[in-house]
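This briefing walks through selected parts of the structure shown below, taking the ligand surroundings, one strand and the nonpolar cores in turn.

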Amino acid sequence: MNRSVFAPGRVNLIGDHTDYAGGLALPIAIQLGTFITFDPNERSETVLFHSDTQAQKAEVQIEIGKSQVHLVEPGWARFVAAAVALSNGVVGGSGSVRSNLPIGSGLSSSASFAIALTMALGIDTEDLVGFAQEVEHLATGVPCGKLDQMAIVNGKKQFGVQIDFRDLSYRYVEIPDEIDIFIVESGETRQLEYSNYSNRRESALKAISILGDLRKVSLDEVEKLGDIDLINCCTHIISENKRVVLFGDALSKKDFQKAGRLLSESHWSLSHLYNVSTPILDNLVERATSINGVLGARVTGAGFGGSVVVLSEPGLDLQQFLTERVIKVVPSNGANLVV
Ligand code: GLA
């Protein structure tokens, strides 16, 4: 039987580069995402997909092994290959992929694709989040955490998902109607993402191996590390975890000025301490935060380009003030089978 799936993208409101460090984050799933339809055919030896955003089709043998995934062409077909290779066997067939998520913009188009694929292929897994993360690792080589998958699977209309990455527990935080959330695409592509993401993650893991669980470490103790890069790295993670909690509280108390300030502080920290911003992103955040009615702004996701998330008072026509593409996003439900 034909299977149709919609998996949203996500916007991380606050808590970046904390997931792989056992920290906290507060993302939303958004109304844009990936639609996949798949028609299984017992007699087919391959899985074949056409995409409305890619010129070449993806065709993968159902017997493909993990070690062959990196050889698959075109690049987007590696996601299909990784999902098939990591599964305990899938039925062949054909299908189509449609997406209205801007690619490489920090809105998790990859995780959205991996989750939609896993569900559309009918892969039986008790851990959809972990499986989709492995698909992405195998397909791209980027050692991403579980932020994107957790938001995409557990998203809820009108709510943010406050995630604790120590145990993947989460709670819903209502996003009040009195604020609007926008994404502004910087237009900067993320070519450095692969090398710098891994490098940032390695610094964080090195610091954790010395200090232990950063949730139990104070900012004073961080000085012990001696190395300025590691000190800055931990200072960002420890303060960002605190901001996630304060941001959730500020939303609950409807203290929107404070919520906005926390976003801007997060950007400063990602830019100056964690080094994942760029001059273009810094400039965009500065321009956005100077607009009347804007409460705060920050880079969202991995950084190195991509998008800025902006929190504003309701009814602001943000596009009127910026030349970059602006998209208003709303907290939406997580991935689901449409049929
Ligand atoms: C990317 C990764 C996530 C997370 C963010 C930064 O989106 O896929 O796991 O690490 O960067 O917060």
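A polar contact is a pair of N or O atoms within 3.5 Å, and the ligand can be read with that cut-off in mind: a polar side-chain atom of Asp16 lies 2.5 Å from one of its oxygen atoms. The model is a predicted one, and the distances and areas below are computed from it.

**Ligand surroundings**

- Besides the contact of Asp16, an N or O atom in the side chain of Asp19 is 2.6 Å from an oxygen atom of the ligand, while for His17 a polar backbone atom is 2.7 Å from an oxygen atom of the ligand.
- On its own the ligand has 300 Å² of accessible area, and the protein covers 96% of that area.
- The residues that surround the ligand include Arg10, Tyr20, Cys144, Gly145, Leu147 and Asp148, and also Tyr197, Gly301 and Ala302.

**Strand 6 and its partners**

- Strand 6, residues 159-164, is mostly covered, since five of its six residues are buried.
- With strand 7 (residues 169-174), strand 6 pairs in the antiparallel sense over six bridges, and the bridge partner of Gln162 in strand 7 is Arg171.
- These two strands form a hairpin with four residues between them, and Leu168 in the turn has a positive phi of about 60 degrees.
- Strand 2 (residues 24-40) also runs antiparallel to strand 6, joined to it by two bridges, and Leu24 stands opposite Asp164 of strand 6.

**Gly160 within strand 6**

- Gly160 is found in strand 6 and has a relative accessible area of 0%, so it counts as buried, the cut-off for that term being under 20%.
- Leaving out residues up to four places away in sequence, Gly160 touches Leu26, Pro27 and Ile28 as well as Arg171, Tyr172, Val173 and Ile175.

**Nonpolar cores**

- In soluble globular proteins, nonpolar side chains tend to be buried together.
- The largest nonpolar core here has 41 residues, and those with the most contacts inside it are Val47, Phe49, Val80, Leu117 and Leu121.
- Among the elements that give two or more residues to this core are strand 1 (3-14), strand 3 (46-51), helix 2 (109-120) and helix 3 (128-140), but the largest share, nine residues, comes from helix 1.
- Leu121 is in contact with Arg3, Phe38, Val47, Phe49, Ala83, Val84 and Val90, its neighbours within four places in sequence being left aside.
- Apart from this core lies another, of 39 residues, among them Tyr197, Tyr274, Ala302 and Val308; Tyr197 and Ala302 are also among the residues that surround the ligand.

Key: Residues numbered from 1 in each chain as written. Predicted model: local features only at pLDDT ≥ 70, side-chain atom pairs only at ≥ 80, totals over all residues. Heavy atoms only, no water. Buried < 20%, exposed > 50% of the residue type's maximum accessible area, 1.4 Å probe, protein only. Pairing = 2+ DSSP bridges. Contact = heavy atoms within 4.5 Å. Near = heavy atom within 4 Å. Polar contact = N/O pair within 3.5 Å; in protein donor to acceptor, adjacent residues only side chain to side chain. Areas by Shrake-Rupley, 256 points an atom, 1.4 Å probe, with all protein chains shown as cover. Core = buried A, V, L, I, M, F, W, Y, C linked by side-chain atoms within 4.5 Å.
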